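Hi,

Here is the structure I promised to pass on. Have a look at it first, and then read my notes underneath.

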Amino acid sequence: PIKEGVVFDDVCFSYAQPANGYTLEHISFHLKKGQVLGVIGATGSGKTTVVNLLTRFYDIDGGVITLDGQDIRNIPVNKLRGSIGIVLQDTVIFSDTIAQNIRYGRIGATDDEIVEAAKIARVDDFASKLSDGYNTMLTEGGSNLSQGQRQLISIARAVLADPKILILDEATSSIDTRTEMHIQEAMVALMKGRTSLIIAHRLSTIRDADKIVVISGGKVVEAGDHDELLAQKGEYYKLYQSQFAGIAT
């Protein structure tokens with residue numbers, strides 16, 4: 001189990017040469033044990049780069065990232081990634097049954113565990129109504145499911161994997177508002193009691209986070225909870241106004 005959490009301490013990173021400017025510049029934040037941390041910013045601000053660095057798809061140029069006080073560069077990559085569950089914007093669906101697609105979250109899972117995960121992730125709401133139920137064959141890419149249903153399957157996989165750290169990276173950005181409500185319910189169930197990092201550009205996804213970090217131009221420009229950031233009337237306030245104009249806070 002997570003003891004302390006994840007710390008980004010003065011992290012700098014560039015996909016090209018640092019001389020051309022950093023993608024992330026002197027980023028610092030602490031994702032504490034059991035906390036939900038939201039990272040928000042406009043497209044291209046560097047939000048997803050945070051995920052790429054935490055999972056070590058790239059290594060940082062400066063600063064340090066620690067997990068429970070240990071530099072992640074000193075943790076074996078398979079062990080590091082094995083402790084992290086990620087729900088992405090685009091879900092990979094295999095040409096297999098619904099049950100087997102969920103089982104990819106933990107290959108040794110029993111049928112009962114799959115159904116339990118499916119119920120938590122709201123997959124059971126549609127799977128149980130199909131003529132073949134969980135044995136319904138899916139096409140590669142999941143074209144015989146809606147985008148929202150595919151996303152719920154990815155959430156069920158994460159429930160089944162039971163990761164120490166959960167990352168939701170733009171998990172609802174391509175979903176219509178009505179479907180998003182169902183996805184949100186499943187995500188809330190998934191995050192319950194879990195150390196979670198939410199990357200988003202929709203404020204509806206992160207407004208209830210324990211803490212929110214606003215990134216602009218590769219830098220942390222604001223940090224606080226939803227109410228604190230609205231009161232500052234800075235970048236977060238501008239994003240909120242642009243997305244929820246006319247809607248009371």
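Let me begin with a single residue, R207, which is partly exposed because its relative accessibility is 24% and the buried class means under 20%. Bear in mind as you read that this is a predicted model. R207 is found in the loop that runs between α8 (203-206) and β9 (211-216). If you want a distance to try out in the viewer, take R207 and K47: they are 160 residues apart along the chain, and their C-alpha atoms are separated by 16 Å.

Now for the whole chain. The protein has 10 helices and 10 strands. Its radius of gyration is 19 Å, close to the 18 Å that the globule rule gives for 249 residues, so the chain is as compact as a globular protein of that length. Along the principal axes, the C-alpha atoms fill a box of roughly 55 × 50 × 35 Å.

How much of the chain is buried? Of the 249 residues, 50% are. As for the surface, the chain exposes about 12,100 Å², and carbon and sulfur atoms supply 48% of that area. I also looked at contacts with a separation of 6 or more: residues 24 or more positions apart account for 68% of them. On the charge side, there are 25 positive and 31 negative charges, and the mean positions of the two sets are 2 Å apart.

Next, two helices. Helix α6 covers residues 147-161, and from its first C-alpha to its last it reaches 21 Å, close to the 21 Å expected at 1.5 Å a residue. This helix is mostly covered, with 12 of its 15 residues buried. Among them are R150, Q151 and R157, along with L152, I153 and V159. Just after α6 comes D162, which has a positive phi, near 50°.

I155 is a good residue to pick out within α6. Is I155 buried or exposed? It counts as buried, because its relative accessibility is 0%. Which residues does I155 touch, leaving aside its neighbours within four places in sequence? They are V87, A121, I183, A186, M187 and L190. You can also check I155 against G85: the two are 70 residues apart along the chain, and their C-alpha atoms are separated by 9.6 Å.

The other helix is α1, residues 47-54, which is mostly covered too, with 7 of its 8 residues buried. K47 is one of the buried residues here, and T49 and N52 are also on the list, together with V50, V51, L53 and L54. After α1 comes R56, where phi is positive, near 60°.

Close by in sequence is A42, in the loop between β3 and α1. A42 counts as partly exposed, at 47% relative accessibility. Leaving aside neighbours within four places in sequence, A42 is in contact with K47 and I215. A42 and G217 are 175 residues apart in sequence, yet 8.9 Å apart in space, C-alpha to C-alpha.

Another loop residue to look at is G34, which lies between β2 (24-32) and β3 (36-40). G34 is partly exposed, with a relative accessible area of 40%. Outside its neighbours within four places in sequence, its contacts are R194, T195 and D210. G34 and I84 are 50 residues apart along the chain, with 14 Å between their C-alpha atoms.

Finally, a couple of backbone angles. H26 has phi near 55°, a positive value in a residue other than glycine. H26 sits in strand β2 and counts as partly exposed, at 47% relative accessibility. R122 also has a positive phi, near 70°, and is likewise a residue other than glycine. Where is R122 found? Its place is in the loop between α4 (111-120) and α5 (124-127), and R122 is partly exposed, with a relative accessible area of 25%.

If you open just one spot, try I155, which touches V87 and A121, among others, outside its neighbours within four places in sequence.

Best wishes

Definitions and conventions. Residues numbered from 1 in each chain as written. Predicted model: local features only at pLDDT ≥ 70, side-chain atom pairs only at ≥ 80, totals over all residues. Heavy atoms only, no water. Helix = DSSP H or I, 4+ residues; strand = E, 2+ residues; numbered from the N terminus. Rg over C-alpha atoms; globule rule 2.2 N^0.38 Å. Buried < 20%, exposed > 50% of the residue type's maximum accessible area, 1.4 Å probe, protein only. Contact = heavy atoms within 4.5 Å. Areas by Shrake-Rupley, 256 points an atom, 1.4 Å probe, with all protein chains shown as cover. Lys, Arg positive; Asp, Glu negative; His and termini not counted. Charge placed at Lys NZ, Arg CZ, Asp CG, Glu CD. Expected span 1.5 Å × (residues − 1).
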